[in-house]
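Colleague: Please take a close look at the part of this model that faces the DNA, and then place that part within the rest of the chain.

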Protein chains: 2
Amino acid sequence: MATGRTHRPATRSRGIPEATVARLPLYLRALTALSERSVPTVSSEELAAAAGVNSAKLRKDFSYLGSYGTRGVGYDVEYLVYQISRELGLTQDWPVVIVGIGNLGAALANYGGFASRGFRVAALIDADPAMAGKPVAGMPVQHTDELEKIIEDNGVSIGVIATPAGAAQQVSERLIAAGVTSILNFAPTVLQVPDGVDVRKVDLSIELQILAFHEQRKAGDAEAAAAAAASVLPPRAAEGTPRKGPDGDVPAVMPA
Amino acid sequence: MATGRTHRPATRSRGIPEATVARLPLYLRALTALSERSVPTVSSEELAAAAGVNSAKLRKDFSYLGSYGTRGVGYDVEYLVYQISRELGLTQDWPVVIVGIGNLGAALANYGGFASRGFRVAALIDADPAMAGKPVAGMPVQHTDELEKIIEDNGVSIGVIATPAGAAQQVSERLIAAGVTSILNFAPTVLQVPDGVDVRKVDLSIELQILAFHEQRKAGDAEAAAAAAASVLPPRAAEGTPRKGPDGDVPAVMPA
DNA sequence: CAATCTTTGTGCACGCGTTCACAAAGACAT
DNA sequence: ATGTCTTTGTGAACGCGTGCACAAAGATTG
C-alpha cells in the first residue's frame, strides 16, 4: 500500500492521471471508427491494438472513469464513446478563436478535426489590416482590434495562437485578459501565463529535432562510440577559446 | 504530445533519458536567443526561466551531456549551443520530404523553423496529379509516383506525413520501404511500423481535447461534484440503451 | 445448477523522471 | 594566500506511470 495519502496531491483533482487524460482522445478516435462500422462491443485487447497501446494500460485508464466494461464480453462501444466524450467535456460546445491567419492559421481553420468534435471556430483574427474581411475557410478574418469583443461576445475560453513567435506573448496576454483560460500555442516561444491558465504547445521544429537525435543515433552506431569517447574526455569549457565545432558550423538558428 | 511508438527496453544505450532529449530543443532555442543578443554566459537559473523549466532539472539534463558549466559563473552560451546542436545531430544536413501538400502540408513547407535548423525540404509530394508541378514555397510539387526515386536519390531518412488519415498508413509503408527510418505524422491515425522506425505524432485535435478536459474541470467545480456523484453510482453499461451523446455526431476524422 | 471459459479490474513491483538539498569547484576580493 | 561568495553537479528520496499477473465477475454451455 504505502503511498502516504496523508496530503491531497497537489493537483486536487479527484482522479484521472494526466497521462490517462492524454490517451482518452486516442481511445475515442478508435472507438468512433468502430462505431461507424457498427461494431457493438470491443475487448480491451482489440481496442488497445487499435489505439496502439498496451491492453493493461487501457484497462487501468478506463478504471479511472468507472467500471464500464462487462467481464467475459468487453466494452459497449457506443456507451464508451459517450462516457469518454463526456469526461473530456466534448458533449458541450467549445467556441475557439484562432489568432494569426498565416499559412498555419489558415490550415488550422480548414482542419476538419476541430469542428467535428464539439469545437467551433468562433473567429479568425489577424493583425494585418489587409487580411481583414478576407474569407478563409468560409469565414471573414477579423482584425486584432476586435479580439476582446469577440471573446466576450462568444464566451470563448480556448484560444489558438498561430502567430509569429514575436507576437505570441502579447497575444496571449490579451486573450487572457479578455477571459481565455486555455491556450494552444503553435508559436515557438515559451508563454508566460498566470496560474489558472492552461497552455499546451505544439512545436513542429522540436519534434523534428527529436527525430534527428534518434536518427543520428541509428546512423552512427560505431562511429558514435568514437565520437562519444572524444567528447566525453577532453573538452573543457570556460577555459581557452570555447572552440566551436570542427565540422560544419551551425549558424543562423531562427524559427519562423 | 507526440510519443514514439516503439517500446523497447530502450533508451538503454548509455545515455540521455528521453525526457531530457525532448527538452534539449527548448534549451537550444533559448540559448540561440541569448546568442543573438551576444550574451556571453548564462546561469542555470536564468536559462531555466527562459526555457520555462526548473533549474535543477536543467542542470541534471546538462549533466548527461557532460560538464559544460563553470561553477560560480554559469554556462558559456556559444559553447553550449554547439554542444546541444551536436548532440541533437543538427550539425549535419537532414533532407526531409513532406507528403501531402494540402493546407497543412503547404504550411509546413513554408515553415521557417525547418530550414533554419539543418533540415532541408528535399521535396514536396502529393497524390493529386493536378498538384504536380505547381509551385509551393518556391518548390514544384511532385507526384507520389516519384516518391521512391526522390528518397533514394536524396538519401532522405526523415519523412513528414500530412495526408488525410486514410492515406497515412500506406504512405508510411512506401516511405519506409524506400529507406525512411523516422516519420513525423500529422495524420490522425496510429501508424503501424516495423521495429527500428521512429514515429512521432502531432495531433491538433488531441491537444484541443486535452485542453477541453481541463477547461471543463475549471468551469464546473461545484456542478462537477454533482455530475460526478451521478456518474459514479447509477450508470450501468450493457444494459439499457447506451445513449449516444446529446450533441452532434462525430463523423470522419480528416485533416486538411 | 454446476462447470468452464472469457475478459475485466486491480494489487503489486519496478523503473523513470523530478525535485530537494548540499558538498565541491571555481571566481573574486582582500 | 586565504576567505568569501556564487553556481554547478549530483546523491538521495519521492511520486507517477507502466506492465505483470491473477482473482473476481459474468457469460455460456451442458
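Modeller: In this predicted model, helix H3(A) gives the most to the surface near DNA strand C, with five residues. That surface holds 28 residues around the strand, of which A:Gly69, A:Gly72, B:Pro17, B:Arg71 and B:Gly72 come nearest. Both protein chains take part: H2, H3 and strand S3 (74–76) of chain A each give two or more residues, and so do helix H1 (18–36) and H3 of chain B. By class, the surface near DNA strand C is made of 10 nonpolar, 10 polar and eight charged residues.

DNA strand D has a surface of its own. Here 30 residues surround the strand, and the closest are A:Pro17, A:Arg71, A:Gly72, B:Gly69 and B:Gly72. The elements that supply two or more residues are helix H1 (18–36) and H3 of chain A, along with helix H2 (44–51), helix H3 (55–65) and strand S3 (74–76) of chain B. H3(B) gives the most to this surface, with five residues. The surface near DNA strand D divides into 10 nonpolar, 12 polar and eight charged residues.

Back to H3 of chain A and the helix packed against it. Helix H2 (residues 44–51) and helix H3 (residues 55–65) of chain A meet at an angle of about 105 degrees, and their axes are 8 Å apart. At that angle, H2(A) is roughly perpendicular to H3(A). On the H2(A) side the contact is made by A:Ser44, A:Glu45, A:Leu47, A:Ala48 and A:Ala51, and on the H3(A) side by A:Ser55, A:Leu58 and A:Arg59. Sorted by class, the contact of H2(A) with H3(A) has four nonpolar, two polar and two charged residues.

The record can be set beside this. An unreviewed UniProt entry lists residues 26–65 of chain A as "DNA-binding region". In the model that span is 75% helix and 5% strand, and the C-alpha atoms at its two ends lie 15 Å apart.

Two residues in this part of chain A have a backbone angle worth checking in the viewer. A:Ile16 is not a glycine, yet has a positive phi of about 50 degrees. A:Ile16 is found in the segment before H1 of chain A, and counts as partly exposed because it has 16 C-beta neighbours inside 10 Å. A:Ser38 also has a positive phi, near 60 degrees, and is a residue other than glycine. Its place is in the loop between H1 and strand S1 (41–42) of chain A. With 8 other C-beta atoms within 10 Å, A:Ser38 is exposed.

Now the rest of the chain. The same unreviewed UniProt entry type gives "domain: CoA-binding" for residues 89–190 of chain A. The span is 33% helix and 28% strand, with its end C-alpha atoms 27 Å apart. For "binding site", UniProt (unreviewed entry) lists A:Gly100, A:Ile101, A:Gly102, A:Asn103, A:Leu104 and A:Gly105.

Two of these listed residues can be followed in detail. A:Gly100 sits in the loop between strand S4 (94–99) and helix H5 (103–110) of chain A. A:Gly100 counts as buried because 25 C-beta neighbours lie inside 10 Å. Leaving aside neighbours within four places in sequence, A:Gly100 is in contact with A:Gly105, A:Asp126, A:Ile161, A:Ala162 and A:Thr163. A:Leu104 belongs to helix H5 of chain A and is buried, with 25 other C-beta atoms within 10 Å. With neighbours within four places again left aside, A:Leu104 is in contact with A:Ala162, A:Phe186 and B:Ala107.

The helix that holds A:Leu104 can be described as a whole. Seven of the eight residues of H5(A) are buried, so this helix is largely enclosed by the rest of the structure. The buried ones are A:Asn103, A:Leu104, A:Gly105, A:Ala106, A:Ala107, A:Leu108 and A:Ala109.

For the chain overall, chain A has 10 helices and 10 strands, and 43% of its 256 residues count as buried. Among contacts in chain A with a separation of 6 or more, 55% join residues 24 or more positions apart.

Terms used: Residues numbered from 1 in each chain as written. Chains lettered and ligands numbered in written order. Predicted model: local features only at pLDDT ≥ 70, side-chain atom pairs only at ≥ 80, totals over all residues. Helix = DSSP H or I, 4+ residues; strand = E, 2+ residues; numbered from the N terminus. Buried ≥ 20, exposed ≤ 12 C-beta atoms within 10 Å, placed from the backbone. Contact = placed C-beta atoms within 7 Å. Axes fitted to C-alpha atoms, helices over the stretch in contact; angles between N-to-C directions. Parallel < 35°, antiparallel > 145°, perpendicular 65-115°, else oblique. Nonpolar A, V, L, I, M, F, W, Y, C, P; charged D, E, K, R; others polar. UniProt positions renumbered as here; feature names shortened; annotations may be inferred. Near = placed C-beta within 6 Å.
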